[in-house]
Amino acid sequence: MSEASPLPKVSLTDDCNYIAAFLTFACNYKCHYCINSFESNISCRHIILRADQWITALHRLANLEHPDGLVPVTLQGGEPSCHPDFYEIINSLDERIRIDILTNLSFDPEEMIARVQPERLRRDAPYASIRVSFHPDQVTLDELLEKTLRLQDAGFYIGIWAVLHPDQIDLVLAAQQRAKQAGIDFRTKEFLGFHNGRLHGRYLYDDACSMENSQTVSCRTTELIIGPDGDVYRCHHDLYENYPPIGNLLDSNFRMDGRYRSCNCFGHCNPCDVKIKTNRHQQFGHTSVSIKFPESTHPDSTSRIFQAVR
Ligand code: SF4
Ligand code: SF4
């Protein structure tokens, strides 16, 4: 397939750190802690783009190669392999677009091996391009390790990530030990969200995820968040809560302008947007969004942010 998109190029902002292509919200697992349903219960409400539409949309993206490194497109969901054109999308994207995949690895590794060249999913990064999430309630560790090893042995750069849910910490750490013994990269992630009435996670802004009061703020993101129908959102909150998009990647007028946008739902932010995390270079201390509070015109405004760091 030709690299060119019939639509005008979309330049990324200089600080764009992440491009998320949510191919579908469908998922064959039912994790009770699923962050896709942090505050609401999203279903498969979205129309999904076909492979050719995803290719047209993603081929618009220009300057993916930043001075501090390449920004890949991360195919995710839901479970991205539930998209009927999953392999066609991977194989049809131009080589200059590097692909990462977030998956629960419910797909058949043999199909991946038969249909995708491992090099297509390789890039220079300190973490695996296929990032498998471990969900102990949904899959046995034996099956997950076996599938991961199969893909690793076939040349794919793959690793497992597991959330340290308060109810599963021992189980996850034991799984990590077994994976390491098998030669598999297994990393843990902080649990984000409420458990037994307490909010877990480190967030840059106090009260961002309290789910109590709402406040009007100005907010900008360093991420390009593309929903299953090509709609682009201010943040994960807006994506998951079905808020109006800021545009659609198939709209010829769409631009990634990186400006601050007014938002009246600070307090109901999704943890993904406001947590303190690692950037794509695995450097800790990054937060996806930057928020200005109404008093930010006041000289004390910066102390508001400083005090909110936990
Ligand atoms: S595998 Fe991921 S997307 Fe699917 S239900 Fe579990 S947490 Fe949600
Ligand atoms: S303030 Fe929170 S909900 Fe509003 S745009 Fe920013 S991250 Fe999203």
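Trainee: Which phi does G183 take, just after α5?

Mentor: First, a word on the source: this is a predicted model, where local features need pLDDT of at least 70, side-chain atom pairs count only at pLDDT 80 or more, and totals for chains, interfaces and linings use all residues, while side-chain values use heavy atoms and leave out hydrogens and water. Residues are numbered from 1 along each chain as its sequence is written, with chains lettered from A and ligands numbered from 1 in the order in which they are written. Helices (H or I, at least four residues) and strands (E, at least two) are DSSP runs, numbered from the N terminus. Just after helix α5, G183 has a positive phi of about 85 degrees.

Trainee: How far does α5 reach from its first C-alpha to its last?

Mentor: Helix α5 covers residues 169-181, which is 13 residues. The expected span is 1.5 Å times one less than the number of residues, and here that comes to 18 Å. The model is close to that value, with a reach of 19 Å.

Trainee: Which residues of α5 are buried?

Mentor: Buried means under 20% relative accessible area, exposed over 50% and partly exposed in between, with a 1.4 Å probe and protein chains only. On one side of α5, the buried residues are V172, A175, Q176 and A179.

Trainee: Why are they on the same side of α5?

Mentor: An α-helix has 3.6 residues a turn, so residues three or four places apart point the same way. On the other side of α5, D170 and Q181 are exposed. The arc is taken from the directions from the helix axis to the C-beta atoms. The buried residues lie on the same side of α5 because they cover an arc of only 105 degrees.

Trainee: What do the buried residues of α5 pack against?

Mentor: Contact here means heavy atoms within 4.5 Å. By that rule, the buried residues of α5 pack against one helix and three strands: α4 (141-153), β8 (130-134), β9 (158-164) and β10 (186-190).

Trainee: Which are the edge strands of the open sheet?

Mentor: Two strands pair if DSSP finds at least two bridges between them. Nine strands make up this open sheet, with mixed pairing, in the order β10-β9-β8-β7-β6-β2-β14-β15-β16. The edge strands each pair on one side only, and they are β10 and β16 (247-248).

Trainee: What angle does the direction of α5 make with that of β10?

Mentor: α5 packs on the sheet and touches β8, β9 and β10. Axes are lines fitted to C-alpha atoms, for helices over the stretch in contact, and angles run from 0 to 180 degrees between N-to-C directions. For α5 and β10, the angle is about 155 degrees.

Trainee: Which residue in β9 is the bridge partner of S133?

Mentor: Strands β8 and β9 run parallel and are joined by five bridges. In β9, S133 has as its bridge partner W161.

Trainee: How far apart are the centres of the rings of F25 and Y240?

Mentor: Rings of Phe, Tyr and Trp (its six-membered ring) pair if their centres lie within 6.5 Å; planes under 30 degrees apart count as stacked, over 60 as edge-to-face and the rest as tilted. The whole structure has eight aromatic pairs. The planes of F25 and Y240 are at 55 degrees, so this pair is tilted, and the ring centres are 6.0 Å apart.

Trainee: How many residues apart in the chain are F25 and Y240?

Mentor: F25 sits in the loop between β2 (18-22) and α1 (51-58), and Y240 belongs to helix α6 (residues 236-240). Both are buried, and together with F22 they form one aromatic cluster. Their pair links distant parts of the chain, 215 residues apart.

Trainee: At what angle are the planes of F134 and F186?

Mentor: F134 is in strand β8 and F186 in strand β10, so their pair ties together parts that are 52 residues apart in sequence. F134 is buried at 4% relative accessible area, and F186 is buried at 2%. The ring centres are 6.2 Å apart, and the pair is edge-to-face because the planes are at 70 degrees.

Trainee: Which residues does Y33 touch?

Mentor: Y33 is in the loop between β2 and α1. It is buried, with a relative accessible area of 18%. Not counting residues up to four places away in sequence, Y33 touches F134, H135, P136, H165, Q168 and F191.
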